[in-house]
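Dear colleague,

I am passing on to you the structure that I have been looking through, and I would be glad if you could read the notes below with it open beside you.

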Amino acid sequence: MTKELDARQIGFIQGVAYAAGLVRRFGSDSEQIFKESGITEEELRKYVDDYDLENIGLINQE
């Protein structure tokens, strides 16, 4: 059972995803950001919008 996150925790996840997307767009590896943050892929998919998911390479939109 997963616990529900509060707005602050969700904002942190979204902020990390945004930062990782920028890092990736400029040609660097964003994996270290996720490793250090402890954010899971499940949390990313649940709380991050499609634009940022695309930027970090978790979805492919055409």
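The notes below begin with the chain as a whole, then turn to helix 1, and end with one residue of helix 4.

Please keep in mind throughout that this is a predicted model. The secondary structure of the chain comes to 4 helices and 0 strands, and along the sequence these elements follow the pattern α-α-α-α. The radius of gyration is 11 Å, close to the 11 Å that the globule rule gives for 62 residues, so the chain is as compact as a globular protein of that length. Taken along the principal axes, the C-alpha atoms fill a box of roughly 35 × 25 × 20 Å. Buried residues make up 26% of the 62 residues, while the chain exposes about 4,600 Å², of which carbon and sulfur atoms supply 49%. Among the contacts with a separation of 6 or more, 51% come from residues that are 24 or more positions apart.

Helix 1, which covers residues 7-25, has 19 residues and reaches 27 Å from its first C-alpha to its last, close to the 27 Å expected at 1.5 Å a residue. Within this helix, I13, V16, A17, A20 and G21 are buried. Seen down the axis of helix 1, the buried residues fall within an arc of 140 degrees, so they line one face of the helix. In general, an α-helix has 3.6 residues a turn, so residues three or four places apart point the same way. The buried residues of helix 1 pack against helix 2 (31-37), helix 3 (41-47) and helix 4 (50-55), whereas the face turned away from the buried side carries the exposed residues A7, R8 and R25.

Both ends of helix 1 deserve a look as well. At the N-terminal end, D6 acts as a cap, with a side-chain oxygen that lies 3.1 Å from the backbone nitrogen of R8. Just after the helix, G27 takes a positive phi of about 90 degrees.

The last point concerns N55, which lies in helix 4. Is N55 buried or exposed? Its relative accessible area is 13%, and because buried means under 20%, N55 counts as buried. Leaving aside its neighbours within four places in sequence, N55 is in contact with G21, R24 and R25; of these, G21 is one of the buried residues of helix 1, and R25 is one of the exposed residues on the face turned away from the buried side.

With best wishes

Notes
Residues are numbered from 1 along each chain as its sequence is written. This is a predicted model: local features need pLDDT of at least 70, side-chain atom pairs count only at pLDDT 80 or more; totals for chains, interfaces and linings use all residues. Side-chain values use heavy atoms; hydrogens and water are left out. Helices (H or I, at least four residues) and strands (E, at least two) are DSSP runs, numbered from the N terminus. The expected span of a helix is 1.5 Å times one less than its number of residues. Buried means under 20% relative accessible area, exposed over 50%, partly exposed in between (1.4 Å probe, protein chains only). The arc is that of the directions from the helix axis to the C-beta atoms. Contact means heavy atoms within 4.5 Å. A polar contact is a pair of N or O atoms within 3.5 Å; within protein, one must be able to donate a hydrogen and the other to accept it, and residues adjacent in sequence count only if both atoms are side-chain atoms. The radius of gyration is taken over C-alpha atoms; the globule rule is 2.2 Å times the number of residues to the power 0.38. Accessible areas come from the Shrake-Rupley method with a 1.4 Å probe; for residues, only the protein chains shown count as cover.
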